[in-house]
Amino acid sequence: QVQLVESGGGLVQAGDSLRLSCVASGRTFINYNSGWFRQAPGKEREFVAAISWFGRSTLYADSVKGRFTISRDNAKNTVFLQMTSLKPEDTAVYYCAFRPGFWVGDRQSEEGLYDNWGQGTQVTVSS
């Protein structure tokens with residue numbers, strides 16, 4: 001069974017940076033695309049960023065483009081989300097997700113395509 005565990009969340013001030021990590025375990029991971037989503041209080045979960053298996057393709061939500069960077073280390077089954085210039089509106093629970101198969105471009109933002117999810121890590125940005 002696939003298990004995804006996020007870490008790195010916390011309470012920071014506006015303008016600060018955080019690096020989230022997501023470690024996968026439970027099977028041999030080959031050709032898995034990965035994504036980060038977030039859910040703010042009272043709002044639906046939304047797409048943040050996605051990365052292809054070899055890291056050659058990435059996709060970002062407009063709201064984080066230029067501030068967040070997604071990366072991965074397949075040798076360690078780990079996906080990262082480097083967040084800079086954080087804003088109060090970035091406050092949310094952040095989830096990582098994995099999906100097997102080919103990169104599907106903009107459709108990587110669709111949470112319904114992802115099979116495996118972590119439990120989330122809280123990010124709170126104070127003004």
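1. Arg45 is partly exposed, its relative accessible area being 27%. This value, like every other in this note, comes from a predicted model. The side chain of Arg45 meets that of Glu111 in a salt bridge, with 3.1 Å from N to O. The pair links distant parts of the chain, 66 residues apart. Arg45 belongs to the loop between E4 and strand E5 (46-51), while Glu111 belongs to the loop between strand E9 (92-100) and strand E10 (116-117). Glu111 counts as partly exposed because its relative accessibility is 29%, and the range for that class runs from 20% to 50%.

2. A second salt bridge joins the side chains of Asp90 and Arg67, at 2.7 Å from N to O. Asp90 lies in the loop between strand E8 (78-83) and E9, and Arg67 in the loop between strand E6 (58-60) and strand E7 (68-73), so this pair ties together parts that are 23 residues apart in sequence. Are the two partners buried or exposed? Asp90 counts as buried because its relative accessibility is 0%. Arg67 is also buried, with a relative accessibility of 12%; the reason is that buried means under 20%.

3. Glu110 and Arg107 form a further salt bridge, in which the closest N and O atoms are 3.1 Å apart. Glu110 is partly exposed at 34% relative accessibility, and Arg107 is partly exposed with a relative accessible area of 44%. Which residues are joined into one network by salt bridges that share partners? They are Arg38, Glu46, Arg67 and Asp90. The structure holds six salt bridges.

4. The student may next turn to strand E5. Five of the six residues of E5 are buried, so this strand is largely enclosed by the rest of the structure. E5 pairs with E4 in the antiparallel sense over five bridges, and Trp36 stands opposite Ala49 of E5. E4 and E5 form a hairpin with six residues between them. In the turn of that hairpin, Gly42 has a positive phi of about 75°.

5. E5 is also joined to E6. These two strands run antiparallel and are connected by three bridges, and Ile51 stands opposite Thr58 in E6. The hairpin of E5 and E6 has six residues between the strands. Within this hairpin, Gly55 takes a positive phi near 80°.

6. Asn33 deserves separate attention. This residue is found in strand E4 (residues 32-39) and counts as buried because its relative accessibility is 1%. Which backbone atoms does the side chain of Asn33 reach? One is the backbone nitrogen of Trp53, at 3.4 Å. Another is the backbone oxygen of Gly101, at 2.8 Å.

7. The surroundings of Asn33 may be described further. Leaving aside neighbours within four places in sequence, Asn33 is in contact with a set of residues that includes Ile51, Ser52, Trp53 and Arg72. Also among the contacts of Asn33 are Ala97, Phe98, Arg99, Gly101, Phe102 and Trp103. Gln108 and Tyr114 are in contact with Asn33 as well. Trp53 and Gly101 thus appear in this list, and the side chain of Asn33 reaches a backbone atom of Trp53 and a backbone atom of Gly101. Ile51, another contact of Asn33, is the residue that stands opposite Thr58 in E6.

Technical notes: Residues numbered from 1 in each chain as written. Predicted model: local features only at pLDDT ≥ 70, side-chain atom pairs only at ≥ 80, totals over all residues. Heavy atoms only, no water. Helix = DSSP H or I, 4+ residues; strand = E, 2+ residues; numbered from the N terminus. Buried < 20%, exposed > 50% of the residue type's maximum accessible area, 1.4 Å probe, protein only. Polar contact = N/O pair within 3.5 Å; in protein donor to acceptor, adjacent residues only side chain to side chain. Contact = heavy atoms within 4.5 Å. Salt bridge = Lys/Arg side-chain N within 4 Å of Asp/Glu carboxyl O. Pairing = 2+ DSSP bridges.
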